[in-house]
Amino acid sequence: MIIVLILAKKLYIEQSSGIRKYVVPNVHPYQFIQSLMEEAVSADTQSPFYLFFENTNGYHFRTLQSLYNQDTKADFNVGDTGELQDVGSKVKDIEFFFFF
């Protein structure tokens with residue numbers, strides 16, 4: 001039996017070292033992905049810290065190191081009001097909402 005998986009989102013997989021074949025009967029897909037995360041080692045950076053997550057761009061199976069190597073999208077400062085000086089237009093007023 002051949003199962004074809006059609007995804008509406010893109011799939012981003014970082015190359016890992018080694019080739020293995022698996023047969024996975026009676027295991028939930030996320031349990032299997034968890035076991036792959038524990039065994040995989042990156043072919044590029046030799047990093048063993050793989051993550052599996054979904055965002056608006058698609059599904060990702062990547063190492064933590066590859067995420068660290070990306071350019072930053074924004075800078076966030078956490079502190080008391082009035083603590084920052086001479087930051088210009090980069091800082092906007094932020095309201096915090098707490099839901100209980």
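**Group meeting: a walk around T63**

Okay, let's start with one residue and its neighbours: leaving out anything up to four places away in sequence, T63 touches E14, S42, T45, S47, F49 and Y50. Before I go on, keep in mind that this is a predicted model.

So where does T63 sit? You'll find T63 in strand β3, which covers residues 58-63. And is T63 buried or exposed? It's buried, because its relative accessible area is 0%, and the cut-off for buried is under 20%. One of those neighbours deserves a second look: the side chains of T63 and E14 make a polar contact at 2.8 Å. Another is Y50, whose bridge partner in β3 is T63.

That bridge takes us to the strands. β2 and β3 run antiparallel, and six bridges join them. In general, strands of a sheet pair through backbone hydrogen bonds, and they can do that parallel or antiparallel.

Now zoom out to the whole sheet. It's an open one with three strands, in the order β1-β3-β2, and the pairing is mixed. The edge strands are β1 and β2 (50-55), each pairing on one side only. From one strand to the next, the twist averages 10°. What packs on this sheet? That's α1, which touches β2 and β3, and the direction of α1 makes about 135° with that of β2.

Next, the nonpolar side of things. Which residues make up the largest nonpolar core? There are five: I33, M37, A40, Y50 and F61. So Y50 turns up again, as part of that core as well as the bridge partner of T63. If you click on I33, you'll see that it touches F52 and F61, again not counting residues up to four places away in sequence. As a general point, nonpolar side chains in soluble globular proteins tend to be buried together.

Last stop, S17. This one is in the loop between β1 (10-13) and α1 (29-39). S17 counts as partly exposed, because its relative accessibility is 42%, and that class runs between 20% and 50%. What does S17 touch, once we skip residues up to four places away in sequence? V41, S42 and A43. Take V41: S17 and V41 are 24 residues apart in sequence, yet their C-alpha atoms are 5.9 Å apart in space. And S42 may sound familiar, since S42 is touched by S17 and is also among the residues that T63 touches. That brings us back to where we started.

Key: Residues are numbered from 1 along each chain as its sequence is written. This is a predicted model: local features need pLDDT of at least 70, side-chain atom pairs count only at pLDDT 80 or more; totals for chains, interfaces and linings use all residues. Side-chain values use heavy atoms; hydrogens and water are left out. Helices (H or I, at least four residues) and strands (E, at least two) are DSSP runs, numbered from the N terminus. Buried means under 20% relative accessible area, exposed over 50%, partly exposed in between (1.4 Å probe, protein chains only). A polar contact is a pair of N or O atoms within 3.5 Å; within protein, one must be able to donate a hydrogen and the other to accept it, and residues adjacent in sequence count only if both atoms are side-chain atoms. Contact means heavy atoms within 4.5 Å. A nonpolar core is a set of buried Ala, Val, Leu, Ile, Met, Phe, Trp, Tyr and Cys residues joined through side-chain atoms within 4.5 Å. Two strands pair if DSSP finds at least two bridges between them. Axes are lines fitted to C-alpha atoms, for helices over the stretch in contact, and angles run from 0 to 180 degrees between N-to-C directions.
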